[in-house]
Amino acid sequence: MSQQVLGVIAPGKNEPVRVETIVVPDPGPGEAVVKVQACGVCHTDLHYKQGGINDDFPFLLGHEAAGVVEAVGPDVTDVAPGDFVILNWRAVCGRCRSCQRGRPWYCFDTHNARQKMTLVDGTELSPALGIGAFAEKTLVAAGQCTKVDPEVAPAVAGLLGCGVMAGIGAAINTGEVGRGDSVAVIGCGGVGDAAIVGARLAGAARIIAVDIDDRKLATAQKMGATHIVNSRSTDPVEAIRELTGGHGADVVIEAVGRPETYQQAFYARDLAGTVVLVGVPTPEMKLELPLIDVFGRGGSLKSSWYGDCLPSRDFPLLIDLHQQGRIDLGAFVTETIGLGDVEAAFARMHEGDVLRSVVQF
Ligand SMILES: NC(=O)c1ccc[n+]([C@@H]2O[C@H](COP(=O)([O-])OP(=O)(O)OC[C@H]3O[C@@H](n4cnc5c(N)ncnc54)[C@H](O)[C@@H]3O)[C@@H](O)[C@H]2O)c1
Ligand SMILES: [Zn+2]
Ligand SMILES: [Zn+2]
């Protein structure tokens, strides 16, 4: 059995996205069908549309979502119909070499649904990050559903499903920001601002926000940045050094995904400091650095997938902190939109008009 619902498809490289009828199979073993309530527009969806991730068109976009479990496969026990869940793209396997070593947040063999969602003509869809939640309903692996308190609005909860978790985790889990640290964040969209929130939560003393858009810098300040630098008019490396006693920041988080901003991050950190790359580059990008500087400056150069999060540990914790008023996830939602507005939301994201547009069902 299966059912037909509406979803947003990226049909081909750089072609406009469109709403299509999609076929969602009933959940098989290990699977769940989720009635999506809200799904944020992440820059990674735009990367998919532009062919920057891979060529497996057509994509079913959307991956930053919350909703209610509608049905589960026969053997599923962790979630049940009616549960309010955030969808995650790290359903850990428990068996790969990383899980076996007690590091499930790096799991190398994460689960997605086995069955395929399709167009009405049978064309198989590639769900973005194994989720595909710009759709009224989506089929995922049951482990991709993380139960959280249903009191939180879906548009807010869903943000933890990708960008906000990636940013907070880039600061706390990957960058291991500690009390008293100086932190710089390059690129203050949804992900960068979440890194600022994470750095603040971890007790950073100084948080320097860098962007090329003054509107983004104003928001970054509201999120907890103590200093702002517009890198269109000011050299960010010089500015960050000046703001840190001439040394550079302990942790620099790159949330753009470009070689030139990575290079800024590399030189804007203190000796033995940490660079965290959370921005996603495209396949043709290359980085050139003097190897002597990589050696001589010491420290660590890390990449952060999904903020090195463990959804079952981190989603309920961050929801709890939100409910206590210690972080404000609601501040990330600029606007709520309909399923037909995703293409326009990409344009607004590109223009820097929004932090997060969230499709609400
Ligand atoms: N690692 C992960 O798990 C993960 C998860 C989600 C998103 N991402 C990636 O993070 C990046 C940011 O995503 P987002 O949703 O916040 O995007 P966004 O478009 O909302 O934000 C990007 C920000 O970077 C700024 N910017 C652009 N060029 C810049 C430059 N040269 N110098 C300084 N700032 C610059 C823009 O003004 C904007 O504020 C994307 O590459 C996205 O794919 C990574
Ligand atoms: Zn694993
Ligand atoms: Zn994302």
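Ten residues of domain 1 are in contact with twelve residues of domain 2, and the side of domain 1 that touches domain 2 has four nonpolar, five polar and one charged residues. This is a predicted model, and its chain is divided by the domain assignment into domain 1, made of residues 3-161 + 328-360, and domain 2, made of residues 167-304. When the centres of the two domains are taken over C-alpha atoms, 28 Å separate domain 1 from domain 2.

Where does ligand 1 lie with respect to domain 1 and domain 2? Both domains give residues to the shell around ligand 1, so the ligand lies between them. There are 33 residues around ligand 1, and those that come nearest are His-43, Ala-166, Gly-187, Gly-189 and Gly-257. By class, the shell around ligand 1 divides into 15 nonpolar, 14 polar and four charged residues. Helix H1 (43-49), helix H4, helix H5 and strand S12 (206-211) each supply at least two residues of this shell.

Two of these elements, H4 and H5, also pack against each other. Two packed helices are described by the angle between their axes and the distance between the axes. For helix H4 (residues 163-174) and helix H5 (residues 190-201), the angle is about 45 degrees and the axes are 7 Å apart. An angle under 35 degrees would count as roughly parallel, and one of 65 to 115 degrees as roughly perpendicular; H4 and H5 are therefore oblique to each other. H4 passes H5 in a right-handed crossing. The contact is made by residues of both helices, among them Gly-163, Val-164 and Ala-166 of H4 and Gly-190, Val-191 and Asp-193 of H5. Taken together, the residues of this contact divide into twelve nonpolar, six polar and one charged.

The class counts of the ligand shell and of the two contacts described above can be set out together.

| Group of residues | Nonpolar | Polar | Charged |
|---|---|---|---|
| Shell around ligand 1 | 15 residues | 14 residues | four residues |
| Contact of H4 with H5 | twelve residues | six residues | one residue |
| Side of domain 1 that touches domain 2 | four residues | five residues | one residue |

Two details of the backbone remain, and each of them belongs to a loop. A cis peptide bond, with omega of about -5 degrees, joins Phe-57 and Pro-58, and Pro-58 lies in the loop between H1 and strand S4 (59-60). Asn-14, a residue other than glycine, has a positive phi, near 65 degrees, and its place is in the loop between strand S1 (2-10) and strand S2 (18-25).

Methods: Residues are numbered from 1 along each chain as its sequence is written. Chains are lettered from A and ligands numbered from 1 in the order in which they are written. This is a predicted model: local features need pLDDT of at least 70, side-chain atom pairs count only at pLDDT 80 or more; totals for chains, interfaces and linings use all residues. Axes are lines fitted to C-alpha atoms, for helices over the stretch in contact, and angles run from 0 to 180 degrees between N-to-C directions. Helices (H or I, at least four residues) and strands (E, at least two) are DSSP runs, numbered from the N terminus. Angles under 35 degrees count as roughly parallel, over 145 as roughly antiparallel, 65 to 115 as roughly perpendicular and the rest as oblique. A crossing is left-handed if the near helix is turned anticlockwise from the far one by less than a right angle, and right-handed if clockwise. Two residues are in contact if their C-beta atoms, placed from the backbone, lie within 7 Å. Ala, Val, Leu, Ile, Met, Phe, Trp, Tyr, Cys and Pro count as nonpolar, Asp, Glu, Lys and Arg as charged, and the others, Gly among them, as polar. A residue is near a molecule or strand if its C-beta atom, placed from the backbone, lies within 6 Å of it. Domain bounds come from an automatic or database domain assignment.
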